[in-house]
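Trainee: I should like to learn how to read a structural model, one feature at a time. May we begin as soon as it is shown?

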Amino acid sequence: MFKLEKRPFDSRTMAYCSPLIAFALTLLFGGILFASLGHNPFTALHTFFILPLSDAYGLTELGMKVAPLLLCAMGLSLCFKAKIWNIGAEGQFIMGGLGGGFMALQFLDAESSWVLIPILLFGALCGLAWAALAALLKTKFNANEILTTIMLNYIALNALLWAVHGPLKDPSGFNFPESAMFANAAILPLLHEDYRLTIAIFFGLFAMVAIWTLISRSWLGFQIQVLGEDKAAARYAGFKENALIWFALLVCGALAGLAGVSEVTGPIGQLIPYISPGYGYAAIIVVFLGRMHPLGILFASMLMGLTYMGGEMVQIEMSLPKSITGLFQGMLLFFLLASDLLIGYRIVKKAPANIEAPTTNRVSA
Amino acid sequence: MNRLALTGISKQYPGCMANDGVDLTVKQGEIHALLGENGAGKSTLMKIIYGVVKPDAGQFEWEGESISVSGPAHARRLGIGMVFQHFSLFETLTVAENIALSLPKDQSQDMTALSNRIREVSEHYGMALDPQRFVHTLSVGEQQRVEIVRCLLQDIKLLILDEPTSVLTPQEVKRLFATLNKLASEGCSILFISHKLDEVTELCHNATILRGGKVSGHCDPQAVSSHDIARMMVGDDTPLNQDFQKVEGGKVVLDIADLNYQSEDPFACTIKQLHLKVKGGEILGIAGVAGNGQDELMRLLSGEETTSADCIRLLDKNIGDLSPTARRQLGFAFVPEERLGRGAVPDMSLEQNTLLSSAHLGLLNKGWIRFDKVKALGEHILQKYKVKSAGLQAQAKSLSGGNLQKFILGREIEQNPKLLACSHPTWGVDIGAAVLIRHALIELRDQGAAIVVISEDIDELYQICDRLCAICQGEISPIKATQDVSIEQLGQWMTGQFKDVTEPAVTSEPAYV
């Protein structure tokens, strides 16, 4: 029979193969799922993964999904490197959107695009402040950040709902829970007038390069990595643990907040009850799928963005529910975690218990 | 008759041959030593005998019958008992309750009868135990007795002891040896694992020496010199000669006065009224049984824990409240007890681990890492301290204990410290590396640095230290020149028998002979 055996060293090859295995398994089980729903699995998978990208419009739409995912994921990767399990990018995203939206509503008569600067800054600041709450709770009261950030996500969502149902509701909006449309000057510039893709994609790419440089070349990034790998060593070396926790969480909050404000001042153009289709959560999967490496995260955010578009596509083409998206994201994470076991372990054929075992596999001393 | 006869035992682990055709014979009533450096395969062989690990190949004969041990329970039924290096006792239970847990049901029902038996057996072998005491109130030596008595309550034929003396004071070692001799005289065989040669010479009738998973020799420890045994343990290419000149230090570098410290951890030791002076150009050794405040003292020295500024002074500068980084900049360096997971980050490369504590040596440029400088320093350490590794990109965890310790020590020494504090510098390190490490410490001393060595290895302390003291329950004994401290006195200090002494706890002008 087969059994799991610990590898003497973690397998690098497997670390890179594991996301591919996970993707393949997701395709396989996705196909089975479609087949069991009575659809041709190949057509369905084609509709889900290929059709959305068949034209320039699809590609720009993908870029539109990648931008917020990349911003959130780069921030999260910084936290995860330090083993700060920030699950709160969603809340930080929403607070960024809410704060930025609030600011944009103050400039309804603006003519100049300069207003975007305070709007974006304030959005990022709100995301940062939301993350600061988690940092405070963690460093001051030793509260587990997984729990606090998840709870803060719900508070943020409810704050947004309250705002669009109450103080920020458009007075001339027929009582719909929506804010007024932002002024044109308060909308992020488009890359091309025919498409919806905004310059937010550059924010994402810039964040990627900046965090990459920070992690790989700076003393600060090194300290964050050491803190994540080995707390005792960080203390021994004299790194300021709390300061590093604050830094990682604040950067993540600011980036997620920027993603949020870019979304409301981008494709949405106003405040509505649901400004995020779960970007903050999907970004967690993106980070792990991308092996915490910036380039990997870029590819993973494209794949994850594709699952959103695929979900919409199968809804349009095959009248399947859009929640297929969540199913595919879940499968990806599930299979990834399962395949990751093979990084530290390998499957070997179990030899029958044999006292006179062959001596061929001896390692010479 | 042979009690135990192993022939051709082999065990392969991924990437290493732990046992390679090992033969071992233990007679009835014999105290048999199993010697070898760390990683020689002693523990694996023990685990095979005790049924924890199954051998890949080989013959296992027990009292003349060829059998296969299916597990520890089977081994215990055969009459094999084992005392591990790390005890498996529940601290919140009493001695009797702990022992009852490991006995078959029919023997553990009646606790009064069991308590009486415990008392009887423990007194018979000269290691009195009160069955009603809670384990957390026992000293380490007493906890070991619980483990031994637990084995003796069964019908014991072979008792295996894994490095039993490493946690004991010299006096406790003597008592343990008396017990073991008595046991052996009653016909029980004992397998004694150690790397301390003098103990083996004193106690054992026979010795089997392992090196690299193979038997490298058998001998009668009484007949062969410990130098020859050491040779068999390490092979021919390692120098063994280590006689260091004792010196008298110069100016006081480190001055600890009135240091009191209560940790937030309820199980940590409280440091009380600690006074200590270390001079440049000397090595001060602090002996003690583990858990008597060594760890707390080390953290206070390194700055991982801080205290009021004037308690710790470095060259007339108050530093008690400074962070580890600030202390390093003033010329402190530290070699902590835990190599992996404090002294070095296990999953990071040696290059990154070079940077860990050396950033202040000009390895940064405005917050950016200067990789060329880090590399150069790393390469220098690997070469100078003969660190065997797959290069700077090798993960710290891939190095053997000895090589990693050489790396960490090298990294700290290359900072040119004014004060180096080392905790257990050669613990679990092979002899070759230990020799290199001791030479490096002496060399640093001769360059004028003050060195504090905290260790449980008394032989080592006598070998390299110029002055000695002991720490017990957070208090420090008088400090004397090494040649003026007899091993008996040090043993008494380790058990706290210095508190009634009339002379002050610290002699700033020690009486050198």
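Mentor: Let us begin with a backbone angle: in chain B, helix 10 is followed by B:Gly303, whose phi is positive, near 95°. Helices (H or I, at least four residues) and strands (E, at least two) are DSSP runs, numbered from the N terminus. This is a predicted model, in which local features need pLDDT of at least 70 and side-chain atom pairs count only at pLDDT 80 or more, while totals for chains, interfaces and linings use all residues. Residues are numbered from 1 along each chain as its sequence is written, chains are lettered from A and ligands numbered from 1 in the order in which they are written, and side-chain values use heavy atoms, with hydrogens and water left out.

Trainee: What does pLDDT average in chain B?

Mentor: pLDDT is the predictor's confidence in each residue, from 0 to 100. Chain B averages 85, and 95% of the residues score at least 70. Where pLDDT is low, the predicted coordinates should not be read in detail. In chain B, pLDDT stays under 50 over residues 502-513.

Trainee: Which residues of helix 10 of chain B are buried?

Mentor: Buried means under 20% relative accessible area, exposed over 50%, and partly exposed in between (1.4 Å probe, protein chains only). The buried residues of helix 10 of chain B are B:Gln294, B:Glu296, B:Leu297, B:Met298, B:Leu300, B:Leu301 and B:Ser302. Seven of the nine residues of this helix are thus buried, so helix 10 of chain B is largely enclosed by the rest of the structure.

Trainee: In what order do strands 12, 11, 14 and 15 of chain B stand in their sheet?

Mentor: Strands of a sheet pair through backbone hydrogen bonds, either parallel or antiparallel. Two strands count as paired if DSSP finds at least two bridges between them. In chain B, four strands form an open sheet in the order 12-11-14-15, with antiparallel pairing. Strand 12 (271-279) and strand 15 (317-318) of chain B stand at the edges with a single partner strand each, so one side of each is left without a neighbour in the sheet. Helix 10 of chain B packs on this sheet, touching strand 11 (252-261), strand 12 and strand 14, and its direction makes about 120° with that of strand 11 of chain B. For such angles, axes are lines fitted to C-alpha atoms, for helices over the stretch in contact, and angles run from 0 to 180 degrees between N-to-C directions. Strand 14 and strand 15 of chain B pair over two bridges, and B:Leu314 stands opposite B:Lys317 in strand 15.

Trainee: Where is B:Thr307 found, and is this residue buried or exposed?

Mentor: B:Thr307 is found in the loop between helix 10 (294-302) and strand 14 (312-314) of chain B. Its relative accessibility is 15%, so B:Thr307 counts as buried. Contact means heavy atoms within 4.5 Å. Leaving aside neighbours within four places in sequence, B:Thr307 is in contact with residues including B:Leu259, B:Leu300 and B:Ile312.

Trainee: With which residue does B:Arg299 form a salt bridge?

Mentor: A salt bridge is a side-chain nitrogen of Lys or Arg within 4 Å of a carboxyl oxygen of Asp or Glu. B:Arg299 forms one with B:Asp295, the closest N and O atoms being 3.5 Å apart. An α-helix has 3.6 residues a turn, so residues three or four places apart point the same way. B:Arg299 and B:Asp295 both lie in helix 10 of chain B, four residues apart, about one turn of the helix. B:Arg299 counts as partly exposed at 21% relative accessibility, and B:Asp295 counts as partly exposed at 28%. These two residues belong to a network of salt bridges that links B:Asp295, B:Arg299, B:Glu304, B:Glu338 and B:Arg342.

Trainee: How many salt bridges are there over all chains, and how many between chain B and chain A?

Mentor: The count comes to 28 salt bridges over all chains, and between chain B and chain A the count is zero.

Trainee: What area is buried between chain B and chain A?

Mentor: The size of an interface is often given as the accessible area lost when the parts come together. Buried area is the accessible area (1.4 Å probe) that two parts lose on being put together, summed over both. Between chain B and chain A it is about 2,700 Å², of which carbon and sulfur atoms give 62%. The contact takes 37 residues from chain B and 30 residues from chain A.
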